[in-house]
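Trainee: I am new to this structure and would like a close look at a single part of it. Please take me through that part slowly, and then show how the surroundings are put together.

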Amino acid sequence: MESSTLSIVLGILAVLPAGGALADFDQRKIGGFWREVGVASDKNLALKTPRRAEGVFLTVNGSNLIVKVVFNNSGSCETETTVGSESDPAGFAFPGHREMHVLDTDYVHYAILRLSLLWRGQDFHVIKYFTRSLENEDELGFRKFREMTADTGLYLVARHGRCAKLLKEGLI
């Protein structure tokens, strides 16, 4: 049960430390489909969650961000939805001591986000790399992701999944 809760939390969001947010962030442009391509963390547990996020669909509604995430759980597609509120120009706070901040994006091809959460008395930070495309990793964005996370140590490169495709097509 506890690892399931952690996988939901890690799959839904991404955040960054104070001072690292994108200075000229335009939240109106971040909405839409994003496929998870890479994850970096200094905690092995963060990379070994039982359910893997494949994609997210972000909807901006005023100062709120609605996040619908799709997971592949042993071949079955599952979705979770959560709502966060704007916490600073490039960040959102979510229930359960979770935050999401945008580290870098061009809005069209890639986004680099950082998840921060407090779970079982420990702080967890996960940097996630997303693209709009189902096939392309976007070389410039992925290079920026690798540069930002060079000291992190542990990486997971996402798989191409049918759940992300179904989310992008609006079928789930």
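Which residues do ring pairs link into a cluster?

Mentor: Before answering, I should say that this is a predicted model, and what follows describes that model. The residues that ring pairs link into a cluster are Y110, Y129, F142 and F145. The count of aromatic pairs comes to five, and one of them is formed by F142 and F145, whose rings lie 5.7 Å apart, centre to centre, with 35° between the planes, an arrangement that counts as tilted. These two residues are three residues apart in helix 3, so about one helical turn separates F142 from F145. Their surroundings can be told apart by accessibility: F145 is buried, with a relative accessible area of 1%, whereas F142, at 21%, counts as partly exposed, because buried means under 20%.

From the rings we can stay with the helix and turn to its charged side chains. Helix 3 covers residues 139–148, and within this helix E147 and R143 lie four residues apart, about one turn. E147 forms a salt bridge with R143, in which the closest N and O atoms are 3.7 Å apart. Of these partners, E147 is exposed, with a relative accessible area of 56%, while R143 is partly exposed at 47%.

Another charged residue of the helix leads out of it. K144 forms a salt bridge with D104, the closest N and O atoms being 3.4 Å apart. Because D104 lies in strand 6 and K144 in helix 3, this pair ties together parts that are 40 residues apart in sequence. Here D104 counts as buried, at 13% relative accessibility, and K144 is partly exposed, at 26%.

Strand 6, where we have now arrived, covers residues 98–105 and runs antiparallel to strand 5, with four bridges joining the two. In the hairpin of strand 5 and strand 6 there are three residues between the strands, and G96 takes a positive phi near 85° there. Strand 5, residues 91–94, also pairs with strand 4, residues 76–88, again in the antiparallel sense and over three bridges, and a hairpin of two residues joins strand 4 to strand 5. F92 is a useful residue to follow across these strands, since its bridge partner in strand 6 is M100, and in strand 4 it stands opposite E86.

Some further contacts complete the picture. The count of salt bridges comes to four, and among them is the one in which the side chains of R28 and D26 meet, at 3.0 Å from N to O. R28 counts as exposed, at 70% relative accessibility, but D26 counts as buried, at 15%. A charge also sits over a ring: the charged end of K29 lies over the ring of Y107, 5.4 Å from its centre.

Finally, consider E54, which lies in strand 2, residues 52–61, and which counts as buried, at 2% relative accessibility. The side chain of E54 reaches the backbone nitrogen of A164 at 2.9 Å. E54 and W34 are 20 residues apart in sequence, and their C-alpha atoms are 8.8 Å apart in space.

Methods. Residues numbered from 1 in each chain as written. Predicted model: local features only at pLDDT ≥ 70, side-chain atom pairs only at ≥ 80, totals over all residues. Heavy atoms only, no water. Buried < 20%, exposed > 50% of the residue type's maximum accessible area, 1.4 Å probe, protein only. Polar contact = N/O pair within 3.5 Å; in protein donor to acceptor, adjacent residues only side chain to side chain. Pairing = 2+ DSSP bridges. Phe/Tyr/Trp six-rings, centres within 6.5 Å; stacked < 30°, edge-to-face > 60°. Lys NZ or Arg CZ within 6 Å of the ring centre and 35° of its normal.
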